[in-house]
Amino acid sequence: MKQIIIIGGGAAGFFCASNLDEKKYNITILEQNSDVLQKVKISGGGRCNVTHACFDPRELVQFYPRGHKELLSVFTKFQPGDTMEWFDHRNVPLKIENDNRTFPESNSSQTIINTFLNEIQNKNVEVKTKCSVKAIEKKDEKYLVMTSLGDFEADYIIYTTGSSPKSLKIVENLGHKIIDLVPSLFTFNIKDELLQDIPGTSFENAEISIPSLKTEESGPLLITHWGLSGPAVLKISAWEALSLSKLKYNFEIEVNFISRSIDEAEESFQNFKQSNPKKTIGQAKIFDITNRFWQKIVSVSKVDLNKQISNISGKEMQMILENLCRKKLKVSGKSTFKDEFVTAGGVDLKEINFKNMSSKLLPNFYIAGEVLNIDAVTGGFNFQACWSEAWLIAQDLNGL
Ligand SMILES: Cc1cc2nc3c(=O)[nH]c(=O)nc-3n(C[C@H](O)[C@H](O)[C@H](O)COP(=O)(O)OP(=O)(O)OC[C@H]3O[C@@H](n4cnc5c(N)ncnc54)[C@H](O)[C@@H]3O)c2cc1C
């Protein structure tokens, strides 16, 4: 029987092994750590956000700042609906939460790990842990895999080493081009009077733009102890990962906390002023934001909170609305989002055949998962890319 070696015992490697035909191949997984599937274990805060309930491939690819073009064909063959069915067939029901993130009903990543361990045990897949791959050489029709536990021969290689720079070097030495790794999915560090002392304040739908990059995103926003977080920030950090790295994470953003134009906001302000002239500005409830945040806006606009709204000058109102709808904030640095670091960069997608995830440069060599220059925003999309790519590899090999 021909020998398949899967390098990297993570999400992509295990899903591939779980779908390979064990009657056709000897399958071995080489994993450098003492435990496999460590990232799956900690994923989704220990609950494992397995996928995202978005069943239209065209819509789905919009969540991938890098890889959206290439993944379209991949998702037409295996998409979140197929993932859900795959787990369902193995008696692992998944549940879709309000925001479409999808988790095992058990709320435990261990359920997902156990499912994979079960699958590969049934298939007699050999797993070698504490086996760090150091180099790979092409040897006639086969590959020689040099590891900390000695050399292995393989007819087929499936390369799923995640974002380890050391392991990217191994494929680079085999001729693949590597796009530089940069962090994606991070939150913004901002020191500004407006954000001070109100961590936990959230906005249902805010707009953030980065004027120097002519880009903007909208969505929920959260004030944290160190600056701004929430889906709007994470999305813009992912889409602009490369540009923001070049700016060394020092740049200016403009925030519209209420997603309404200054003109619309002024109309609401004037209407409120007419019907409540005696109210103090500090107690005015004009916009859908917390009282504390409104009072912060009024204070940083240098307007006395106790002033009657009828006495607010046009200039003072403009100042308040500018801070609410067009607040300029200086970002200096980034922080990791719930330890969920994802990297942009990796093996250049131009060198991959997306029909089956094979290398265009190396025969019988497949590459999948985070090692590729593919990444997504948060929400289960990164795993979905792993499942879909790994499934394609298994289908290709099973059909040979
Ligand atoms: C804290 C955290 C939470 C996350 N939560 C989610 C989530 O809920 N949903 C989601 O979709 N995504 C999530 N992600 C992202 C997701 O975990 C990754 O996209 C995914 O694990 C990538 O899978 P992979 O198989 O490509 O790589 P990995 O899962 O990283 O697996 C690669 C494996 O290869 C091994 N390896 C590397 N080099 C070698 C070598 N030279 N020799 C032998 N073995 C090697 C590594 O030790 C590792 O076990 C999260 C990430 C983090 C960090």
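**Notebook: ligand site and the two domains**

I started with the ligand and found 31 residues around it, the closest being Ala-12, Glu-31, Ser-167, Glu-370 and Phe-383. Note to self: this is a predicted model, and I am reading everything below with that in mind.

**Entry: polar partners of the ligand**

Which residue puts an N or O atom of its side chain 2.6 Å from a ligand oxygen? I looked it up, and it is Glu-31, which is also listed among the closest residues. Next I checked backbone atoms. A polar backbone atom of Phe-383 sits 2.8 Å from an oxygen atom of the ligand. For Gly-44, I noted 3.0 Å between a polar backbone atom and a ligand oxygen. Then I asked how much of the ligand the protein covers. On its own the ligand has 1,000 Å² of accessible area, and the protein covers 95% of that.

**Entry: how the chain is divided**

I pulled up the domain assignment next. Domain 1 is written in two pieces, 2-182 and 340-397, while domain 2 takes 186-336. So that I don't lose it, the distance between the two domain centres, over C-alpha atoms, goes here: 40 Å. I then listed who takes part in the contact, and got 11 residues from domain 1 and 8 from domain 2.

**Entry: what the domain contact is made of**

How much area do domain 1 and domain 2 bury between them? I have about 760 Å² in my notes, with 76% of it on carbon and sulfur atoms. On the domain 1 side that touches domain 2, I sorted the residues into 6 nonpolar, 3 polar and 2 charged. I also looked for salt bridges between the domains and came away with 0. For polar contacts, I wrote down 1 residue pair between domain 1 and domain 2, both at pLDDT 80 or more.

Note on methods: Residues numbered from 1 in each chain as written. Predicted model: local features only at pLDDT ≥ 70, side-chain atom pairs only at ≥ 80, totals over all residues. Heavy atoms only, no water. Domains from an automatic or database assignment. Contact = heavy atoms within 4.5 Å. Buried area = accessible area lost by both parts, 1.4 Å probe. Salt bridge = Lys/Arg side-chain N within 4 Å of Asp/Glu carboxyl O. Polar contact = N/O pair within 3.5 Å; in protein donor to acceptor, adjacent residues only side chain to side chain. Nonpolar A, V, L, I, M, F, W, Y, C, P; charged D, E, K, R; others polar. Near = heavy atom within 4 Å. Areas by Shrake-Rupley, 256 points an atom, 1.4 Å probe, with all protein chains shown as cover.
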